[in-house]
Amino acid sequence: MTEAGNTRTRRLIEAVAATIIEHTGELTELDSAIGDGDHGQNMKRGMTAILDDLDAIAAKPLPEALKAAGTQLVMKVGGASGPLYGTLFMALGKEIAPDPTRDDLTHAFAAAIEAVKVRGKSDAGQKTMLDVLVPVCEALRNGGSAREIDEAAEKARDATRDMQAQKGRASFLRERSIGHIDPGARSSQLMIAAVIDVLGE
Ligand code: ADP
Ligand code: MG
Ligand code: MG
């Protein structure tokens, strides 16, 4: 692992963890409206565990760092989102090249999303994190600029407001799930914005 790669991994982890921890209250509020109100604390617990292990994780090549972060999320986040984000990061680690090009990243991200769909028995259009992840992957594949991908994620997050949840706890509310942004869509958008901030382009 090059020093530069190591520093990049560290900055990515720090940025993603910081934004999730900073938005703990908002994520909890969103989940209080249509779930059980723990998404903020769940995600904060996972990110704190990753930060506690930051030196060891950032010293690894990117694929292994992603797998290690995913393992922490599975172990510490719990709920529905722990295994799903854990799967996303672990699959990303499995698929990604150590020093990925944009094409490598697109391929790995698409494969990781497929792994989440299998794990969650879910797909886009059901008011979940996938409703942000899938359009972001599309924007990445279509050659969108950093700004365009950022905006696609925000738009996709906002679009979950009018959807009726078909997966997870929010689905129990049926039509009463309409009118609220999905907490996992918000956490996904926050992480994507943080990654874009670090990688720029
Ligand atoms: P829990 O619902 O177990 O309390 P969290 O509150 O941490 O877990 O996470 C809820 C989020 O997980 C939802 O907002 C949604 O985005 C996501 N989610 C739940 N079930 C699924 C699923 N089957 N596929 C994809 N995402 C899901
Ligand atoms: Mg919850
Ligand atoms: Mg819960």
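Helices here are DSSP runs of H or I at least four residues long, numbered from the N terminus. Keep that in mind for every view below, and remember that this is a predicted model.

**View 1. The whole chain, helix after helix.**
Walk along the sequence and you meet the pattern α-α-α-α-α-α-α-α-α-α. That makes 10 helices and zero strands. The radius of gyration is 16 Å, close to the 17 Å that the globule rule gives for 201 residues, so the chain is as compact as a globular protein of that length. If you boxed up the C-alpha atoms along the principal axes, you'd need roughly 50 × 35 × 30 Å. Of the 201 residues, 46% count as buried. Now look at contacts between residues at least 6 apart in sequence: 61% of them join residues at least 24 apart.

**View 2. The shell around ligand 1.**
Which residues come nearest to ligand 1? Out of the 22 residues around it, they are Gly79, Gly120, Thr128, Gly168 and Gly184. Three elements each give two or more residues to this shell: α3 (39-52), α6 (81-95) and α10 (183-199). The top contributor is α10, with three residues. Sort the shell by class and you get six nonpolar, 10 polar and six charged residues.

**View 3. Gly79, in a loop beside the ligand.**
Zoom in on Gly79, one of the residues that come nearest to ligand 1. You'll find Gly79 in the loop between α5 (62-77) and α6. Is Gly79 buried, exposed or partly exposed? A residue needs 20 or more C-beta neighbours within 10 Å to be buried and 12 or fewer to be exposed. Gly79 has 19 inside 10 Å, so it counts as partly exposed. Leaving out residues up to four places away in sequence, Gly79 touches Asp38 and Asn42. Asp38 sits 41 residues away along the chain, yet the C-alpha atoms of Asp38 and Gly79 are separated by 8.6 Å.

**View 4. Helix α5, leading up to that loop.**
Here's a quick ruler check on α5: at 1.5 Å a residue, its 16 residues should span 22 Å, and the end C-alpha atoms are indeed 22 Å apart. Plenty of side chains to look at here belong to buried residues, including Leu62, Ala65, Leu66, Ala69, Leu73 and Val77. Lys67 and Gln72 are on the buried list of α5 too. Just after the helix, Gly78 takes a positive phi of about 70°.

**View 5. Phe89 and the largest nonpolar core.**
This core has 51 residues, and those that touch the most other members are Ile13, Ala69, Leu88, Phe89, Leu92, Ala112 and Val136. What does Phe89 touch, once residues up to four places away in sequence are set aside? Its partners are Leu66, Ala69, Gly70 and Leu73. You met these partners in the previous view: Leu66, Ala69, Gly70 and Leu73 are buried residues of α5.

**View 6. Helix α8 and its packing partners.**
Try the ruler again on α8 (residues 130-141): its 12 residues should span 16 Å at 1.5 Å a residue, and its end C-alpha atoms are 16 Å apart, which agrees. Its buried residues are Leu130, Asp131, Val132, Leu133, Val136, Cys137, Ala139 and Leu140. They pack against α7 (102-120), α9 (146-159) and α10. Just past the end of α8 comes Gly143, with a positive phi of about 80°.

**View 7. Two lysines in one loop.**
Most residues other than glycine have a negative phi. Two lysines here go the other way: Lys121 has a positive phi near 45°, and Lys127 has one of about 65°. Lys121 is in the loop between α7 and α8, and that loop also holds Lys127. Which burial class does each get? Lys121 has 8 C-beta neighbours inside 10 Å, so it counts as exposed. Lys127 has 28 inside 10 Å, so it counts as buried.

**View 8. Helix α10, back at the ligand.**
We finish with the helix that gives the most residues to the shell around ligand 1. With 17 residues, α10 reaches 25 Å from its first C-alpha to its last, close to the 24 Å expected at 1.5 Å a residue. Among its buried residues are Pro183, Gly184, Arg186, Leu190, Met191 and Ile192. Gly184 should ring a bell, as it is one of the residues that come nearest to ligand 1. After the helix comes Gly200, whose phi is positive, near 55°.

Notes: Residues numbered from 1 in each chain as written. Chains lettered and ligands numbered in written order. Near = placed C-beta within 6 Å. Nonpolar A, V, L, I, M, F, W, Y, C, P; charged D, E, K, R; others polar. Expected span 1.5 Å × (residues − 1). Contact = placed C-beta atoms within 7 Å. Core = buried A, V, L, I, M, F, W, Y, C linked by C-beta atoms within 7 Å. Rg over C-alpha atoms; globule rule 2.2 N^0.38 Å.
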